Every structure is written in structure tokens, then in C-alpha cells.
Amino acid sequence: MNVRAAAANVIFQVVDKGQSLSHALPAAQKTIRPRDHALLQEICYGALRYLPRLESIANELMDNPLKGKKRVFHHLILVGIYQLSFMRIPSHAAVAETVEATKTLRGPNLRGLINAVLRNYLRNQEALDEMATSHNAGKYGHPNWLLKLLQEHYPQQWEEIVEANNNKAPMWLRVNRQHHTREQYIEYLNDENIEFTLHPQAADAIKLAKPCDVTLLPGFDRGWVSVQDAAAQLSVDYLQPQEGELILDCCAAPGGKTAHILEHTNDTEVVAIDADPARLDRVYDNLDRLHLKADVICGDARYPQEWWQGDKFDRILLDAPCSATGVIRRHPDIKWLRRADDIEALAKLQSEIIDAMWQQLKPGGTLVYATCSITPQENVEQVKAFLERTDGVELIGSDASHPGRQILPGEDDMDGFYYAVLKKSA
């Protein structure tokens, strides 16, 4: 398939059909040549980062919007404008290839329209760009509800958060200490002339200067290293798993944190549960590549009696379902798939899960509450409410007036993440 046609279809599936980019993009990659995968990803991610800006320009250049079966061609125009605005592809090539995509999408009668729109944009680019960035959504590439939330809760940092969200995410590695220390593994990177930096807190984390195919990483196929953001790697530092313990990774898919716990211990029984059977396949895949073993269970965390009849747990890592507003730079579709009223529903679900998990924790045990969100409703306010309604809880490492640690996107080049450590009275 023509790469621009594939990109238009992906954006159509995300914006109009509500499908996640992590589902739509891999499906589209199967329809194109492997050498074009990176280009397809660049176009899709970029167009979704700057969607309101591109929409404004497209709407200004068309007398009538494309509707119904023609909607995918609207997104093809966005693909063309994105290339002309942000990519180094020569303009004549970007226009020609985008117009050519009409054949693949079975709309050859729209060739003239798309060619005219893109060439009109080139002729009036400066004025159209200024128009498209004259409103906040176009200027910052975020929906207004999310901008309002950031401005309200992070009045000093909101612009930095927006900028971080619109930047490309770095590639972080997690060294499997069952095989090597971080210091040992970086020697392999040096031998391959792969440039990197180290994280000051996450002891297993390495940031590559440039993302690369995992097949180029020394020992990836042998389980020496995994790809995982440094903020997510901090979970093991807050959990502090010990030998001989029974540990639950709740809402575990895709399994990175499960594996990290096992990499830090030799005699620990780890149970990994998730409600989504399809996502559990990723857990199995990760454990298999890393040669690790866990008890993997499909179940709803709110109802542990349905899937667990064993002993209570020494430690529980609860990486709760959340708005994922901390990982927008990795998943720009989140900005357009989420709605303001999703936050309240998610907070209610999180509250139910944390209450259920607390009952599964041994006296003297530790529960780490985590999200990849930056909304206070899901994080600080969630933990405050839990502390107020629950007896026998000791908050570790933070103050009850502002419990836990909120990592903002871009901090030490990490994703946005939240952690609170809760200890149950003996």
C-alpha cells in the first residue's frame, strides 16, 4: 500500500473511529514494505501531535468538508499538510505521493482536489500557519479541556508539559541484572558505538542518544535488555521486592514491571493479573524472551475473590488503569481519544481497585499505587481519599498533605508518572 494512504487510514481509524494508535498502526504496517515502517510511524505520530493545527488549515482551504465515505481523504489532506509543514521531504515529492495515494484509497476523482489544496497551502503557507496557531488548540496541539486542566493544576509548568508532550520520546533501556549490571552492559554498547546516557536514579536505565531497532541491541534476543521508560523502572525502587516474598503485580500488562521485579530477585513468587486477555499475551511474550516465570492470571482487580484463593501478598504493585496523560509523547492519540469526563470515571475505578487490593495485603505489607497520569484526581487526591477512609495505613516517603511523587513529562527526560507507597499496620 502507498504509505500516505496507510497513514490516512490510520488517522481516520483513530480520530473518527476511536481506535488506539497502538492498534491501528501495527495493522497498517502489515500492508506496506518494512523499509517504510518508520516513515509511516513518523507521519501518523506527527499528524496526531498537531491535529488541530492541520485541521484548521484543511478546513480553511476547502469550500465543503469531506464527509461519509470521503472522510479518509480529509485525513489524507492532513497527511499532506503535515509533510509540507514538518518533514524534510521535498515539497514536490510530498504532494505527488499524497495525490498518488488516492488510487490506493479508491478515490481517483479526488486527485484534483487534493493536489489543489496542497499546492494552495504551499503558496500561502506563512499566513495559513499563523491563522492555524492563533487559537490555543492549534498553537499547543492539545484539546482545550486538557489545556485548561494543565493550566489549573500546573500554572508554572503547563507550557513545559505541553512542549514535552509534543516532543518525540527517547528510547530508554532496562538492563536485566540477572545477566549483567548496567556498567557491564554499557561496555557492549560502547563496542557497537551506540551512544547513551545514564539515569541518575533508575539504576538499570540507559537512554540511547538515538532510537534504534531492538535487533541492533546487544543480547536483546537473549533477554539481556528491555525497552522501558525510566519512570516506569522506578517502580521496583518504590516496591523494594525481597527474596522469598509473594508479590502481586496488579494490572500488569504488558509485563515490563513484572519482569523487572523478577530480574531483581531469585526466590520470589510473582503473580501478574490483568483484565484484558489480549494484553496478557504481551506479558507471556515478555516473560518468555527474558526466560522468567510468573503466575499470570486473567481477572478483574476489583473482585480478587474470583481469581485468587492463596495467601495474602507481602507486596502489591498497583499500576492502576488511568488516563495515561503522562505518556502523551509516546501515545499522541490519547489527546484525542480521552474526554474530560473520563477522569471522574477512571478515578472511581481506581478507588474500587485500591480498596480491593488493600484487603489482599498482609499486615506489615507494602502497596505501591502507581499511574502514568498527571491529573491530581487520579493521583494525589486519590491517595488522600484512601488515607481518609482507611485505617492502619502508613504513608512512606511523603507527606499526607501532598502524598506520593508526581513525575511530570520531560523530568529527567522521563514520562509522566505517579507513585505513592502505602504500608499496612502489622
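Start by selecting Cys372 in this predicted model: you will find Cys372 in the loop between strand 9 (361-371) and helix 19 (380-389). UniProt, in an unreviewed entry, places the feature "active site" at Cys372. Is Cys372 buried or exposed? Its relative accessibility is 17%, and buried means under 20%, so Cys372 counts as buried. Now show what surrounds it. Leaving aside neighbours within four places in sequence, Cys372 is in contact with Cys322, Ala324, Thr325, Gly326, Val327, Gly416 and Phe417.

Keep Phe417 on screen and add Lys257, because Phe417 is also among the contacts of Lys257, along with Gln228, Ala232, Ser235, Asp249, Leu317 and Asp319, again leaving aside neighbours within four places in sequence. Lys257 lies in helix 15 and is buried, with a relative accessible area of 12%. The unreviewed UniProt entry lists Lys257 under "binding site", together with residues including Asp274, Asp300 and Asp319.

Next, select Ala253, another residue on that "binding site" list. Ala253 is found in the loop between strand 5 and helix 15. With a relative accessible area of 9%, Ala253 is buried. Beyond its neighbours within four places in sequence, Ala253 is in contact with Asp274, Arg279, Leu280 and Val283.

From that loop, step back to strand 5 (residues 246-250), where five of five residues are buried. Colour its two faces separately: Leu246, Leu248 and Cys250 are on one side, Ile247 and Asp249 on the other, and all are buried. In a regular strand, side chains alternate between the two faces of the sheet.

Which strands pair with strand 5? Strand 6 (residues 269-274) does, in the parallel sense over five bridges, and so does strand 8 (residues 313-319), in the parallel sense over four bridges. To see individual partners, pick Ile247 with Val270 in strand 6, then follow the chain from strand 5 through helix 15 (residues 256-263) to strand 6, a right-handed β-α-β crossover. For strand 8, pick Asp249 with its bridge partner Leu317.

Finish with the largest nonpolar core, which has 50 residues; Leu21, Leu40, Phe73, Ile77, Ile81 and Ile114 touch the most other members. Helices 1 to 8 each supply at least two residues of this core. Zoom in on Ile81: not counting residues up to four places away in sequence, Ile81 touches Leu54, Ile57, Ala58, Leu118 and Tyr121. Apart from this core lies another, of 45 residues, and among them is Ala253 from earlier in the tour, with Ala230, Leu262 and Ala370.

Terms used:
Residues are numbered from 1 along each chain as its sequence is written. This is a predicted model: local features need pLDDT of at least 70, side-chain atom pairs count only at pLDDT 80 or more; totals for chains, interfaces and linings use all residues. Side-chain values use heavy atoms; hydrogens and water are left out. Buried means under 20% relative accessible area, exposed over 50%, partly exposed in between (1.4 Å probe, protein chains only). Two strands pair if DSSP finds at least two bridges between them. A crossover is right-handed if, with the strands pointing away from the viewer, the path from the first strand over the helix to the second runs clockwise. A nonpolar core is a set of buried Ala, Val, Leu, Ile, Met, Phe, Trp, Tyr and Cys residues joined through side-chain atoms within 4.5 Å. Contact means heavy atoms within 4.5 Å. UniProt positions are given in the numbering used here, feature names are shortened, and annotations may be inferred rather than shown by experiment.
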